[in-house]
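Reader: I am new to reading protein structures, and I would like to go through one slowly. Could we take it a question at a time?

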Amino acid sequence: MATTPRGLRSCSVHEHLERMPRSINTLGDARDSGQELVAICDEIRCRHRWIIDLDHVLKFVGTGHSLTPVGGERHFSERIRCPACRGRGAFIWMRHMADPEPLLVGLSYSVNRWDTKGSRALLEVAAKATSEIVANAAYDSAVGHYPGDHLTLQQRARIIRDSRVQLIRGGKVG
Ligand SMILES: [Zn+2]
């Protein structure tokens with residue numbers, strides 16, 4: 001299984017909620033503070049979404065494992081296996097277990113721009129919107145503004161449109 005020289009081929013941890021505490025740096029912190037981690041399969045034709053069994057992951061990587069990828073270290077998000085397609089690798093999202101959808105109900109759609117060179121990290125949230133129609137317009141304009149970049153239109157973690165999927169249309173999509 002290939003990794004890049006710096007071991008950075010993995011996911012990003014999207015800071016889903018702005019008011020998420022900044023002190024959460026490790027998987028142990030996440031568990032202790034009740035953060036729920038959501039994984040989205042790396043495989044574009046799968047995109048299965050599931051809640052990570054944190055206790056299970058901790059058994060393998062330990063509580064000190066960094067939540068975000070660290071240069072030179074293999075990150076758990078690379079190794080995690082999708083229960084739907086059995087492929088390895090996932091994007092990791094965070095949300096607060098005690099209050100899963102607080103305050104952001106009005107801004108559930110986002111247009112995200114992802115790194116395409118190795119790290120696959122979230123580069124920016126290009127837009128947030130309450131309306132799916134507005135969000136679609138923002139997505140279209142982001143695709144024009146960042147030609148060739150990997151963009152997704154999402155309702156929270158659910159991927160509605162994916163610029164890379166359009167490029168391979170003709171395959172099994174949707
Ligand atoms: Zn999958």
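Reader: In what order do the strands of the open sheet of 4 strands lie?

Author: This is a predicted model, and in it the 4 strands of an open sheet pair in antiparallel fashion. The edge strands are β6, residues 122-129, and β8, residues 158-162, each of which pairs on one side only. From one strand to the next the twist averages 30 degrees. Read across the sheet, the order is β6-β5-β7-β8.

Reader: How many bridges join β5 to β7, and how many join β7 to β8?

Author: Both pairs run antiparallel, β5 with β7 and β7 with β8. In the first pair, tryptophan 114 stands opposite histidine 150 of β7. In the second, threonine 152 has aspartate 162 as its bridge partner in β8. The counts are 6 bridges for β5 and β7 and 4 bridges for β7 and β8.

Reader: Which residue in the hairpin of β7 and β8 takes a positive phi?

Author: Glutamine 155 has arginine 158 in β8 as its bridge partner, and the hairpin has 2 residues between its strands. The positive phi, near 50 degrees, belongs to arginine 156.

Reader: Why do the buried residues of α4 lie on the same side of the helix?

Author: Helix α4 covers residues 132-145 and reaches 19 Å from its first C-alpha to its last, close to the 20 Å expected. Its buried residues are Ala135, Ala138, Tyr139 and Ala142. An α-helix has 3.6 residues a turn, so residues three or four places apart point the same way. The buried residues are on the same side of α4 because the arc that they cover around the axis is only 105 degrees.

Reader: Which strands help to cover the buried residues of α4, and which exposed residues are on the face turned away?

Author: On the face turned away from the buried side, α4 carries the exposed residues Ile133 and Gly144. The buried residues, in contrast, have a cover that includes the strands β5, β6, β7 and β8. The two answers are therefore β5, β6, β7 and β8 for the cover, and Ile133 and Gly144 for the face turned away.

Reader: Is lysine 128 buried, exposed or partly exposed?

Author: Lysine 128 has its place in strand β6, and, leaving aside residues up to four places away in sequence, it touches Leu107, Tyr109 and Ser110. Lysine 128 is also 9.6 Å from glutamine 155, C-alpha to C-alpha, although 27 residues separate the two in sequence. A residue needs 20 or more C-beta neighbours within 10 Å to count as buried and 12 or fewer to count as exposed. Because lysine 128 has 16 such neighbours inside 10 Å, it counts as partly exposed.

Reader: Which element gives the largest share of the largest nonpolar core?

Author: In soluble globular proteins, nonpolar side chains tend to be buried together. The largest nonpolar core here has 17 residues, and those that touch the most other members are Leu37, Ala39, Ile40, Ala90, Phe91, Ile92 and Trp93. The elements giving two or more residues to this core are α1, β2 and β4. The largest share, 5 residues, comes from β4.

Reader: How many residues are in the second, separate core?

Author: Among the members of this core are Ala135, Ala138 and Ala142, together with Leu153. Those three alanines are also among the buried residues of α4. The number of residues in the second core is 9.

Notes
Residues are numbered from 1 along each chain as its sequence is written. This is a predicted model: local features need pLDDT of at least 70, side-chain atom pairs count only at pLDDT 80 or more; totals for chains, interfaces and linings use all residues. Two strands pair if DSSP finds at least two bridges between them. Axes are lines fitted to C-alpha atoms, for helices over the stretch in contact, and angles run from 0 to 180 degrees between N-to-C directions. The expected span of a helix is 1.5 Å times one less than its number of residues. The arc is that of the directions from the helix axis to the C-beta atoms. Two residues are in contact if their C-beta atoms, placed from the backbone, lie within 7 Å. A nonpolar core is a set of buried Ala, Val, Leu, Ile, Met, Phe, Trp, Tyr and Cys residues joined through C-beta atoms within 7 Å.
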